[in-house]
Amino acid sequence: GTTVTTASAAHCQVAVALSGGRLVLLDVCSDGTLRQAAEATMPQEVSSLCITPLLPAAGAARLVAAPSGGDASSAGHSRPVRVATLAAVGLWESNTVQLLRLPSLEPAGAPVTLSDEYQSRAAQLVTMDGVDRLFVGMGDGTLVHFVVDAAAGTLASRNVVQVGSRPITLDLHGGEGTPSPSQDEAAPSASAGHTHVLVAGD
């Protein structure tokens, strides 16, 4: 049967990766129902996924009304929400990460190799100090950081830090686009603040 391999949610959007490389984007409608917005098949299994909206000053998110579930009675209750226009997707076999356009799930740029041996286990898009960034936690405890060009859909200024020896988890806390430190007892974690990145490992 079909298995959910990973998922990411933000406001009125949910992205779900399924076995076989299938990637599905769902809209959370104003009446609480789910509506499929797009589906794509990646060339490999998805190992990490993030659709956290980047802050609008950087041009990678927009404010819209939550989609209606089709019931006219709910139309007047739609609320403005921040909608992501980029997804970060890590793939298992090629050990790459790629940005996709939302809601189409079409490639925004070419895949970028993360490692010769290890896969990505977590991804986090975030805007820090007005700069769009992508953090990727690897299976060997390495944290990979990129600067995101949202308009071009590209990743640049790669930086690698060895945090520990176990897979890294990434969690966004606090205000939108403003992560704060988090520690998972089972694995190293890394979080970003307004002007700095705090990393905890084994």
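What area does the chain expose, and what share of it do carbon and sulfur atoms supply? The chain exposes about 9100 Å², of which carbon and sulfur atoms supply 51%.

**Overall picture**

The structure is a predicted model. Its chain has 202 residues, and buried residues make up 50% of them. The secondary structure comprises 17 strands and 0 helices. Among contacts between residues at least 6 apart in sequence, 46% join residues at least 24 apart.

**Confidence**

The average pLDDT of the chain is 81, and 73% of the residues score at least 70. Two stretches in which pLDDT stays under 50 are listed below, with their contacts beyond four places in sequence.

| Stretch | pLDDT | Contacts beyond four places in sequence |
|---|---|---|
| Residues 71–77 | under 50 | 4 contacts |
| Residues 176–185 | under 50 | 32 contacts |

Where pLDDT is low, the predicted coordinates should not be read in detail.

**Leucine 49**

Leucine 49 offers a local view of the chain. This residue lies in strand β5, which covers residues 46–50. Leucine 49 counts as buried because its relative accessibility is 7%, and buried means under 20%.

Beyond its neighbours within four places in sequence, leucine 49 is in contact with Thr6, Ala7, Ser8, Ala15, Val16, Ala17, Leu23, Ala88, Val89 and Ala123. One of these residues, Val16, is 33 residues from leucine 49 in sequence. In space, the C-alpha atoms of leucine 49 and valine 16 are 8.4 Å apart.

Terms used
Residues numbered from 1 in each chain as written. Predicted model: local features only at pLDDT ≥ 70, side-chain atom pairs only at ≥ 80, totals over all residues. Heavy atoms only, no water. pLDDT = per-residue confidence, 0-100. Contact = heavy atoms within 4.5 Å. Helix = DSSP H or I, 4+ residues; strand = E, 2+ residues; numbered from the N terminus. Buried < 20%, exposed > 50% of the residue type's maximum accessible area, 1.4 Å probe, protein only. Areas by Shrake-Rupley, 256 points an atom, 1.4 Å probe, with all protein chains shown as cover.
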